[in-house]
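Trainee: Please take a close look at one part of this model and describe it residue by residue where that helps. I would like one connected account rather than a list.

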Amino acid sequence: MKLTQILPLAALTTAFVIPDEQVISQIAIESHRSADSAFDKLPSKDQVLDKVEHTVDKIGHKFDEVVKCSHHALDSAIDYAAEKGSDVTKKVQQTGFDASSWMDSANEITASNPHHQPNMTIYELVASSKYTTKLAAAINEYPDLVALLNGTIANYTVFAPIDSAFEKIPEDAPKPSKEFLKKVLLYHVSPEFYPAGKVLVTHTVPTALTVDTVGIGPQRVSTNIGLRGLTVNFYSRIIAIDIFGTNGVIHGIDSLLVPPPNAVDIIQFLPGQFSTLELGLTKTGLLSVINDTSVHVGGTVFAPSNFAFQKLGPKINGFLFSSYGQKYLKALLEYHVVANQTLYSDAYYAASSVDAMDIPKGLFHIDLPTLLKDKSLSINVGRYGRLISIKINAFSTVTIEDGIAADGVIQVVSDVLVPPKRIDRMEKHWEGEEMTVDELKERLEPYVEDVEL
């Protein structure tokens, strides 16, 4: 198997982590509980903002105390992180959870400016550091990348893998092509400025890697906060923060970031969570449709887990996966796929638009047309810093956000999405109540007449 195939799949084994059925069940239960009492107890926005800014600034100041006495900011920051790694991770993690729970807007955090005046560009910092010799050697193969990271067109953000990150590549792995290596390097660079405070309240970050398959916007990485602290794409841990250069900022990471595979590959690689969905997409011919990037530019797959299908009950599942029910299954699954529009939790790409759009703070509503004729999904996104809630048809919740794919994004949903039925000229959405096979057929009947399998 080629390295270009090994690395993305190896990353996926730890990257796209899906909770087991009990966890997803608990998430689904919690999503239906009223949050009024909890929000009544929240501290004010100003109190929380001050706390987060203070904590991030404190971490940055600790790095700076070491940097001031040194000639090289990147080396000093990584030395400090290695010495105090657990403390830094704990502080970053604690700050991140505060941000996740209470922050109002990512854009309202002031970037923590360095106390020292940087005198080296991003490239110069990487090229002269004893910890990033392999990254520097890779960048030096591409004069345009050297010029980019030396330039002042933008304030860049670089997630810089240290030398030990390269050692995780298997020794017997074939050497990647120069074209693929350049894509990997671009995937570590953002043309926008993301100091630690902004990373903490951001779910996805745009990179310098542009791909035709995702639409008009750049490929993105995700940022996550968990037991391992602050990570990128779930698996690469940030081990040093806010190493400022004259044209941007560097964060040190412990694993290489690999551009993601297509959405279909992600679904197929996780049978423990998506085997029912994969079987349905295969039986109905939709798997190849989703995977054919010549007929769509970007897209969003609202992916029900195996547990979501189980919630429909054995009778409905038995019907849908029977030979007679396949045409109904196809209509049902078409209702989960959006072509040409990629909805991340904090950004939106539309193939017909000129520019990508960041999802604003507060409430954001959009109707996304699905592959099911004349039927759209009603999406409500509530964004308050890192706390983001996505509801579909005012009922189903996105439980796992931003499974970033080469050709779009996967949003894991708590329930199978069922098209609405018309009652007295009004559309009534399914809200999880018990449903019979006949009731499901009634909802899907208008869309299966011309379906050929």
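Mentor: Two strands are taken as paired when DSSP finds at least two bridges between them. With that cut-off in hand, the part to look at is the hairpin of S5 and S6, together with the strands and the loop on the S4 side. The model is predicted, and that applies to everything below.

Start with the hairpin itself. Strand S5 covers residues 229-232, and strand S6 covers residues 236-245. The two run antiparallel and are joined by two bridges, which meets the cut-off of at least two. One of the partnerships is between Thr231 and Arg237 of S6. Another puts Val232 opposite Ser236, again in S6. Three residues lie between the strands of this hairpin, and Asn233 takes a positive phi near 55° there.

Phe234 belongs to the loop between S5 and S6 as well. Its phi is near 75°, again a positive value in a residue other than glycine. Is Phe234 buried or partly exposed? Phe234 has a relative accessible area of 23%, so it counts as partly exposed, given that buried means under 20%.

Further along S6 there is another residue with this backbone feature. Asp242 lies in the strand S6 and has a positive phi near 55°, although it is not a glycine. Asp242 has a relative accessibility of 8% and therefore counts as buried.

On its other side, S5 is joined to S4 by four bridges, and this pair also runs antiparallel. S4 and S5 form a hairpin with two residues between them. Gly226 stands opposite Gly229 in S5. In general, strands of a sheet pair through backbone hydrogen bonds, in either a parallel or an antiparallel sense.

These strands belong to a wider arrangement. Seven strands make an open sheet of mixed pairing, in the order S2-S1-S7-S6-S5-S4-S3. S3 and strand S2 (189-190) stand at the edges with a single partner strand each, so one side of each has no neighbour in the sheet.

From the S3 edge the chain leads to a loop worth a closer look. Thr207 is found in the loop between strand S3 (204-206) and strand S4 (220-226). Its relative accessible area is 4%, so Thr207 is buried. What does the side chain of Thr207 reach at 3.1 Å? It reaches the backbone nitrogen of Leu209 at that distance. A polar atom of the Thr207 side chain also lies 2.8 Å from the backbone oxygen of Gln219. Leaving out residues up to four places away in sequence, Thr207 touches Pro218, Gln219, Arg220 and Val221, and also Leu186, Tyr187, Val189, Ser190 and Pro191.

Leu186 gives the view from the other side of that contact. Leu186 lies in helix H11 and, with 15% relative accessibility, counts as buried. Apart from its neighbours within four places in sequence, Leu186 is in contact with Leu145, Thr207, Ala208 and Leu209. The C-alpha atoms of Leu186 and Ala208 are separated by 5.2 Å, while the two residues are 22 apart along the chain.

Helix H11 (178-186) also takes part in a pocket: along with helix H1 (3-15) and helix H8 (133-139), it supplies at least two residues of the lining of the second largest pocket. H11 gives the most to that lining, with five residues. The lining comprises 26 residues, of which Phe166, Ile169, Lys175, Pro176 and Leu181 lie nearest the centre of the pocket. By class, 19 of the lining residues are nonpolar, two are polar and five are charged. The volume of this second largest pocket is about 530 Å³.

For the setting as a whole, the protein chain has 19 helices and 19 strands. Buried residues make up 55% of its 453 residues. Among contacts in the protein chain with a separation of 6 or more, 69% are between residues 24 or more positions apart.

Conventions. Residues numbered from 1 in each chain as written. Predicted model: local features only at pLDDT ≥ 70, side-chain atom pairs only at ≥ 80, totals over all residues. Heavy atoms only, no water. Buried < 20%, exposed > 50% of the residue type's maximum accessible area, 1.4 Å probe, protein only. Polar contact = N/O pair within 3.5 Å; in protein donor to acceptor, adjacent residues only side chain to side chain. Contact = heavy atoms within 4.5 Å. 1 Å grid on protein atoms, 1.4 Å probe; cavity = no way out; pocket = protein on both sides within 12 Å on 5 of 7 lines; lining within 4 Å. Points joined across faces, edges and corners; volume = space filled by probe spheres on them. Nonpolar A, V, L, I, M, F, W, Y, C, P; charged D, E, K, R; others polar.
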